[in-house]
Amino acid sequence: MVGAVLVVVAGACGPGVTSLSATQEIAEGWARFRVDDFDKAAGHFERAALHPEGTEVQRAEALYGQASVFNHRRPGADLERAGEVYEEVAERYPETESAAWSLLALARLEHLAQWGLEGDIPAVQAAYQRVIDRFPHHPAGEEAFLYQQSNILVTLDAEVIERAALATKEFIRTHTESPYRCLAHHVLSACYAEMGEQTARLEAKEKALNTTVDDGVTPVEIEMLINTWLVAFDAQKEVGDFDMARKYYRQLIEQWPGSALVFASKRALEDMDAVEERIRNELTAQGAGL
Amino acid sequence: MMRAFLGRYVPLGILLGAFLWSAGVVFGRAWPGSAPHLDGAATDDGIVLRLAHWQLETGARDALDQMARQYEALHPGIRIEENAIPDSAYGMWLTTQLTSGTAPDLVQLDGAAPASTLIPWHVWQGFLQRYFVHMTPFAAQPNPYNAGTDLEGVPLRHTLKDGMRRAYSGHFLEYFAIPLSRFSFRVYYNKDLYEELAGRDTPPTNWQEFAAACEAISSRLDENGDRYVPIANSKIHMPVWEPTADVLTHEAMYLADFNHDLFLHPQELWQAIHTERLTFRHPSILARFRMMRQIARFSQEGFTGLMRDDAVFLYVQQRAVFLAVGTNEARSIAAMTEGQFEFGVMEMPYADANDPDYGEFAQYGKPIEESLAATLSGFMFGIAQTSQHPAEALDFLLYMAGQEGNEELNRIVGWLPLTKGAASDDLLRQFEPRVTGVAGGLGTWVYAMGAETKIKYDQLYALFLIGQISLDEFLGEYDKMYRDKGLYDFRELLDAGRNERGNAEKLLAQMRSKAQTAQGGAAASHWSRYRRLMWQSQVLSEAVNAQIRRNLELGPVPDQKAPWDYTDFALENVRKRIAAELDAE
């Protein structure tokens, strides 16, 4: 009787007990992870990690997957265990993709624990530097750099931020093929904003706009519209570069005629004319007064 | 002995039998190749697609039904079954279906969870991400049902007037549905009653004329000695009137729009009030509330406690002249008054620059009703991940989103089509949203930041609208509370950002795993969205947060600039350039 029950119960567990390759287990693990099915994801990653035919790379990825489950499952996240497993991946499989993403994940754990607070910035900086040093041109390393600079922005200390600006400029110079260049320009713009360098800020903002990638699938229209508007606005109101402002306001009006920003762009064009006329009259009157 | 035998073993036998039967059902469902849990989804007659929605109104059900029959005629072997669920039960029904894996193939959706479920927004985004097919790749492909039209070869999302924005989750950067209709509001007015009571045969063209008409109407008595009501209103209708007043606050917005995006967030208003760049007694804000009080005064007594039907009946019974009407009910309300009185359609009555009371604040004209950022589309359907026939489900949606199909669908249901080039009838053409104009102003949502401030605002605003407290009393009491308790709400909002960062980090891990396993163009697209999410949710948010906290601590600063002012540096640069030009002349 008990045996019959056990057989039925085991059978009712269905096809999950079939044997998959390590690759399949990992793929299934991520598929389950992506729909928040963390228990099943953990099971797949565990089987992949212990798979007798698994390669080093696969074992690294399986462990990384396990660490990701510990890190991100809600409820029931175990950040300490996640950190331990990420470290294990970085140490045991140092040349793998998974090692790069594990180091980034460790730095993010450090950073997120202090988000919004005046925490241990040097510790966060060091965690990101570890990724950057090991994987300078890997996406994980490039992301680590951007996060590292944003962490510096938190200090609101213009001198410290100036160093971040220099580092970001160097990143842009040395990572010519990086898909993160656009974001680096944004970070640079934010640095200059804190340093009070409005002209440099505008230049970086314009470069960020002009390096935005349209992959033809992701709708970038709203992002491009807003960024075009902000470049024009800053050119007009922050820097007084009316030529640049006019260029981008007109581009906005032409490219996005249905936008709520068209009205404001037209008003801005009129306003710049009015400001120039006022100043011209003032200067002419001053000149005549002499 | 027999009795002992039966008494011992029969109950056991029944129990064992029941257990074996239920185990067999479970075992059978779990075995690959068994009949799919969507009963009837695969039959000897071909494919059956199930579609669920909450539109109980006859027009919508007829439209879906007729479109289904037309599609079936084009695609023998496919049958579509429609299931209308009352919207009061829709949320709970849908979430149960999703979590149990029994959802229909096609499901009506919105960006926010159904109101009855009280599911927080970010949790609902998780539902959309987990349970529905991501439509992003399809949004970039042409709709085959636009072949032979001017939309042939155009990516799906560019064939829809809202760019498919309504169906895009900014949370996980994917499309999750296809919207099929467009909505807006106008004002119906009883032409006969209006002419008789207001003494005019042309509709009001601005607020001044509208207010004068309302005053005239409310001064007249009917055969029972009751006053006529200018506006048939309710707590459902009142928000529709608010943009009429919100647009007056444009000047105030310039004092609080710190990120210069022409959209005010509650945190921005709080910063502006806290740093004394703006007060609640700014003339444009006072004007806004005065106009809302007028609208309330022109409405029937007790309207703040009434539902939609109460207002509709008042209008249909010719006790009120004006009624705010959405496109979703335009035809049904027109039908209710057919043969009783002639009605007209007018825009919301905005103040213009010549208005004696509000002209000073109405220099910018009428507000834009629809833009790339604020879409009025809806009637969206997503495809459940558990659908056994996602390709067929998508094809039916594309059929209804094609130019011809969308026009037909909306013609039947009586709504505005969403697909470019799809025509609508004379009545609905009057509802076409205005796509030019000034951006909105301070909407009512911006005055409260969190639980504490919202409760107080709602209480005081309601008392003000019905005239129990004056504007001065309303703003005086709210201002004090806003500055004291609002700080608590404001800090809560900033601190909530920490949890949100954790959720975003999980989302990034999920997106990264997808990007790493995708190939070619799909991989590029996934990585692009991954980097966008990384930027918008993680990289810069912390710096912005830090700046906000700094402003919080600084408080008012002498000679501080307003967010939209020219900087001294900018004006100096302009001055230098012009001086050089004059020297060169």
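**Figure 1. Salt bridges between chain A and chain B.** In this predicted model, seven salt bridges are counted between chain A and chain B. One pair to look for is Arg108(A) with Glu505(B), whose side chains meet in a salt bridge at 2.9 Å, N to O. Polar contacts can be counted here too: 23 residue pairs between chain A and chain B are in polar contact, with both residues at pLDDT 80 or more. On the side of chain A that touches chain B, helix α14 (residues 261-289) supplies the largest share, 15 residues. Sorted by type, the residues on this side of chain A are 46 nonpolar, 20 polar and 20 charged.

**Figure 2. A network of salt bridges with members from both chains.** Which residues are linked in this network of salt bridges? From chain A come Arg246(A), Asp273(A), Glu276(A) and Arg280(A), and they are linked with Arg577(B) and Glu581(B). Try finding each of these six residues in turn. For a wider setting, a search of the whole structure finds 53 salt bridges over all chains.

**Figure 3. The contact between chain A and chain B as a whole.** How many residues does the contact take from each chain? Chain A gives 86 residues and chain B gives 85 residues. About 7,300 Å² is buried between chain A and chain B, and carbon and sulfur atoms give 61% of that area. Three residues of chain A deserve a closer look: Arg34(A), Trp115(A) and Lys237(A) supply 11% of the area that chain A buries against chain B, more than any other three residues. For the complex, the predictor gives an ipTM of 0.89 and a pTM of 0.85.

**Figure 4. A salt bridge joining helices α5 and α7 of chain A.** Here the side chains of Glu87(A) and Arg130(A) meet at 2.8 Å, N to O, in a salt bridge. Glu87(A) sits in helix α5 (residues 79-92) and Arg130(A) in helix α7 (residues 121-134), so this pair links distant parts of the chain, 43 residues apart. Is Glu87(A) buried or partly exposed? With a relative accessible area of 25%, Glu87(A) is partly exposed. Arg130(A) is partly exposed as well, at 34%.

**Figure 5. A salt bridge between two buried residues of chain A.** Asp234(A) and Arg201(A) form a salt bridge, and their closest N and O atoms are 3.4 Å apart. Asp234(A) lies in helix α12 (residues 221-239) and Arg201(A) in helix α11 (residues 198-210), so the pair ties together parts that are 33 residues apart in sequence. Both Asp234(A) and Arg201(A) are buried.

**Figure 6. Thr168(A) and its surroundings.** Find Thr168(A) in helix α9 (residues 158-174) of chain A. Why does Thr168(A) count as buried? Its relative accessibility is 0%, and buried means under 20%. The side chain of Thr168(A) reaches the backbone oxygen of Ala164(A) at 2.7 Å. Setting aside neighbours within four places in sequence, Thr168(A) is in contact with Phe145(A), Gln149(A), Ala184(A), Val187(A) and Leu188(A).

**Figure 7. Backbone details in three loops of chain A.** The peptide bond from Arg74(A) to Pro75(A) is cis, with omega near -5°. Pro75(A) belongs to the loop between α4 (56-72) and α5. Now look at Asp36(A), in the loop between α2 (22-34) and α3 (38-49). Although Asp36(A) is not a glycine, it has a positive phi of about 65°. Asp36(A) counts as partly exposed, at 27% relative accessibility. Leu156(A), also not a glycine, has a positive phi of about 55°. You will find Leu156(A) in the loop between α8 (139-153) and α9, where Leu156(A) is partly exposed with a relative accessible area of 23%.

**Figure 8. Chain B, from one salt bridge to the whole chain.** Glu81(B) forms a salt bridge with Arg79(B), with the closest N and O atoms 2.8 Å apart. Glu81(B) is partly exposed at 33% relative accessible area, and Arg79(B) is partly exposed at 36%. Stepping back, chain B has 22 helices and 13 strands, and 52% of its 585 residues count as buried. The mean pLDDT of chain B is 88, with 94% of its residues reaching 70 or more. Over residues 29-43 of chain B, however, the pLDDT is below 50, and this stretch has 25 contacts in the model beyond near neighbours in sequence.

Definitions and conventions. Residues are numbered from 1 along each chain as its sequence is written. Chains are lettered from A and ligands numbered from 1 in the order in which they are written. Side-chain values use heavy atoms; hydrogens and water are left out. Helices (H or I, at least four residues) and strands (E, at least two) are DSSP runs, numbered from the N terminus. Buried means under 20% relative accessible area, exposed over 50%, partly exposed in between (1.4 Å probe, protein chains only). A polar contact is a pair of N or O atoms within 3.5 Å; within protein, one must be able to donate a hydrogen and the other to accept it, and residues adjacent in sequence count only if both atoms are side-chain atoms. Contact means heavy atoms within 4.5 Å. Buried area is the accessible area (1.4 Å probe) that two parts lose on being put together, summed over both. A salt bridge is a side-chain nitrogen of Lys or Arg within 4 Å of a carboxyl oxygen of Asp or Glu. Ala, Val, Leu, Ile, Met, Phe, Trp, Tyr, Cys and Pro count as nonpolar, Asp, Glu, Lys and Arg as charged, and the others, Gly among them, as polar. pLDDT is the predictor's confidence in each residue, from 0 to 100.
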